[in-house]
Amino acid sequence: MNGDQWNKRLRLPLLILWSGLLLFSAHTPAQAGIFGTFKGIMELPEEIDRLKEDYEQVRQNYNDTMSRLEEAERAAQSAAQTYESSQQKLIQENEKLQSQNRELLQMVLELQQSEQERRQKASRFRTIVWTAVGLVGGYFVLTRGMRVVLRSR
């Protein structure tokens, strides 16, 4: 066998071996895409499980948040009712105190009026007493003066 024949016989197996090495050692973009697609397909169940776990976690957080929100709403409603009832009590108490204030003001006015009347009566009484004292004193002075005048004559 000469060299030319030997080259022709080895050419096909070498070409197959070479293409096999290229196929497994250096991926062409098309092969990389195919392997990536197969790899992605193989990883889908794990990703779906992870997404389910994430969904359940988000759903649980949502439910917790909603329950806290409902609890806060109930607390706010309770506080509003308490505030409203205390406000009603304070309004009633305020009306009662205003009524008492009106009564007390009326009593104070009556006391002031009676005090003024008492002072006027006391003033009249003093005037009458001093007038009586003056009349008695004047009568005494006048009678003494007349006695002195009549004796001297």
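1. Start with Glu56. This residue is partly exposed, with a relative accessible area of 42%. The model is a predicted one. The side chain of Glu56 meets that of Arg59 in a salt bridge, at 3.2 Å from N to O. Arg59 is partly exposed too. Its relative accessible area is 40%. The two residues sit three apart in helix 2, so about one helical turn separates them.

2. Now the overall picture. The chain holds two helices and zero strands. Helix 2 covers residues 29–152. Of the 153 residues of the chain, 1% count as buried. The accessible surface comes to about 14600 Å². Carbon and sulfur atoms account for 61% of that surface.

3. How many salt bridges are there in the model? The count comes to four. The Arg59 and Glu56 pair is one of the salt bridges. Further ones are taken up below.

4. Arg50 forms a salt bridge with Asp54. Their closest N and O atoms are 3.3 Å apart. Both residues lie in helix 2. They are four residues apart, about one turn of the helix. Arg50 counts as partly exposed, at 42% relative accessibility. Asp54 also counts as partly exposed, at 38%.

5. Further along the chain, look at Glu115. It forms a salt bridge with Arg119, with the closest N and O atoms 3.4 Å apart. These residues are four apart in helix 2, so the separation is about one helical turn. Is each partner buried, partly exposed or exposed? Glu115 is partly exposed, with a relative accessible area of 29%. Arg119 counts as exposed, at 54% relative accessibility. The cut-off for exposed is over 50%, and partly exposed lies between 20% and that value.

6. Arg118 belongs in this account as well. Glu115, Arg118 and Arg119 are linked in a network of salt bridges.

7. Finally, a nonpolar feature. Which residues form a nonpolar patch on the surface? They are Phe125, Val129, Trp130 and Val133. Together they have about 450 Å² of accessible area. Trp130 has its place in helix 2. Trp130 is exposed, because its relative accessible area of 62% is over 50%.

8. In short, a reader can follow helix 2 from one feature to another. Arg50 and Asp54 pair within this helix. Glu56 and Arg59 are about one helical turn apart there. Glu115 and Arg119 are likewise separated by about one turn in helix 2. Trp130, also in helix 2, is part of the nonpolar surface patch.

Methods. Residues numbered from 1 in each chain as written. Predicted model: local features only at pLDDT ≥ 70, side-chain atom pairs only at ≥ 80, totals over all residues. Heavy atoms only, no water. Buried < 20%, exposed > 50% of the residue type's maximum accessible area, 1.4 Å probe, protein only. Areas by Shrake-Rupley, 256 points an atom, 1.4 Å probe, with all protein chains shown as cover. Patch = residues over 30% accessible without salt bridge, like charges linked within 9 Å, V, L, I, M, F, W, Y side chains within 5 Å.
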